[in-house]
Amino acid sequence: MTQPSSTIKPLLHAACAAFVAERIEAAQAAMLTAQESANSETKSSAGDKYETGRAMAQEERNRNAVQLQQALQLQGELARINPEVVSDAVRPGALVDTSMGCFYISISAGKLTVDGQDYFAVSAAAPVAAALTGKRAGEDVVFNGKKVQIQQVE
């Protein structure tokens, strides 16, 4: 890690929050579009076509509602993490520098680039996070058949 966690963890946390906000906004917009589509279906002489179109739009709205609920759940998980807390063992909120990359144990947001460095935001339930949980700097774990050294935990 090139920066101390006192500056990088809040930036990573903010990047995760932006990721979640984007997902919430996209799901809400898609739900609105699907609802408008359902509302704009007009009854025609082909009544089945009208009902099918409305049903498809409703299914699309429901799929987007599930995505919205998942995004709101991520937002809740992220809210429970204080990026200012420094940890000496891997747990939610920890920033972990390993021989295979830097991980922010938070939510599953994937690869984030902050100040030119790549980090991976992973949920505590992710296999890599599960393998690292409870470990400290200097310890090794085996992940996917490979030895991974924990270089730093913050």
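A residue is called buried here when its relative accessible area is under 20% and exposed when that value is over 50%. By that cut-off Cys16, with a relative accessible area of 0%, is buried, and Cys102, at 5% relative accessibility, also counts as buried. The structure is a predicted model, and a search of the whole of it finds zero disulfides. In general, a disulfide is a covalent bond between the sulfur atoms of two cysteines.

**Overall make-up**

The chain has 154 residues, of which 36% count as buried. Its accessible surface comes to about 8700 Å², with 52% of that area belonging to carbon and sulfur atoms. Three helices and six strands make up its secondary structure, and from the N terminus on these elements follow one another as α-α-β-β-β-β-α-β-β. Among the contacts in the chain with a separation of 6 or more, 57% are between residues 24 or more positions apart.

**The sheet**

The six strands form an open sheet with mixed pairing, in the order S3-S4-S2-S1-S6-S5. Strand S3 (110-114) and strand S5 (140-143) are the edge strands, each of which pairs on one side only. On average, and with direction ignored, neighbouring strands of this sheet are turned by 40° against each other. As a general rule, strands of a sheet pair through backbone hydrogen bonds, either parallel or antiparallel.

Three of the antiparallel pairings are set out below, each with one residue pair.

| Strands | Bridges | Residue pair |
|---|---|---|
| S3 and S4 (residues 117-123) | five bridges | Gly110 and Ala121 in S4 |
| S1 and S6 (residues 146-153) | three bridges | Asp97 and Gln152 in S6 |
| S5 and S6 | four bridges | Val142 and Lys147 in S6 |

S5 and S6 also form a hairpin, with two residues between them, and Asn144 in the turn has a positive phi of about 50°.

**Leu132 in helix H3**

Helix H3 (residues 127-132) is the place of Leu132. Is this residue, Leu132, buried or exposed? Leu132 has a relative accessible area of 2% and is therefore buried, given that the cut-off for buried is under 20%. When residues up to four places away in sequence are not counted, Leu132 touches Val90, Val96, Thr98, Phe103, Val141 and Ile150. For one of these partners, Val90, the C-alpha atom is separated from that of Leu132 by 6.2 Å, although the two residues are 42 residues apart along the chain.

**Ser87 in the loop before S1**

Ser87 lies in the loop between helix H2 (47-79) and strand S1 (95-98). Although it is a loop residue, Ser87 counts as buried at 7% relative accessibility. Which side chain does the side chain of Ser87 meet in a polar contact? The partner is the side chain of Arg91, and the contact that joins the two is 3.5 Å. In addition, a polar atom of the Ser87 side chain lies 2.5 Å from the backbone oxygen of Ala89. Leaving aside neighbours within four places in sequence, Ser87 is in contact with Ala94, Val153 and Glu154. Of these partners, Val153 belongs to strand S6, which spans residues 146-153, and S6 in turn pairs with S1 in the antiparallel sense.

Conventions. Residues are numbered from 1 along each chain as its sequence is written. This is a predicted model: local features need pLDDT of at least 70, side-chain atom pairs count only at pLDDT 80 or more; totals for chains, interfaces and linings use all residues. Side-chain values use heavy atoms; hydrogens and water are left out. Two strands pair if DSSP finds at least two bridges between them. Axes are lines fitted to C-alpha atoms, for helices over the stretch in contact, and angles run from 0 to 180 degrees between N-to-C directions. Buried means under 20% relative accessible area, exposed over 50%, partly exposed in between (1.4 Å probe, protein chains only). A polar contact is a pair of N or O atoms within 3.5 Å; within protein, one must be able to donate a hydrogen and the other to accept it, and residues adjacent in sequence count only if both atoms are side-chain atoms. Contact means heavy atoms within 4.5 Å. A disulfide is a pair of cysteine sulfur atoms within 2.5 Å. Accessible areas come from the Shrake-Rupley method with a 1.4 Å probe; for residues, only the protein chains shown count as cover.
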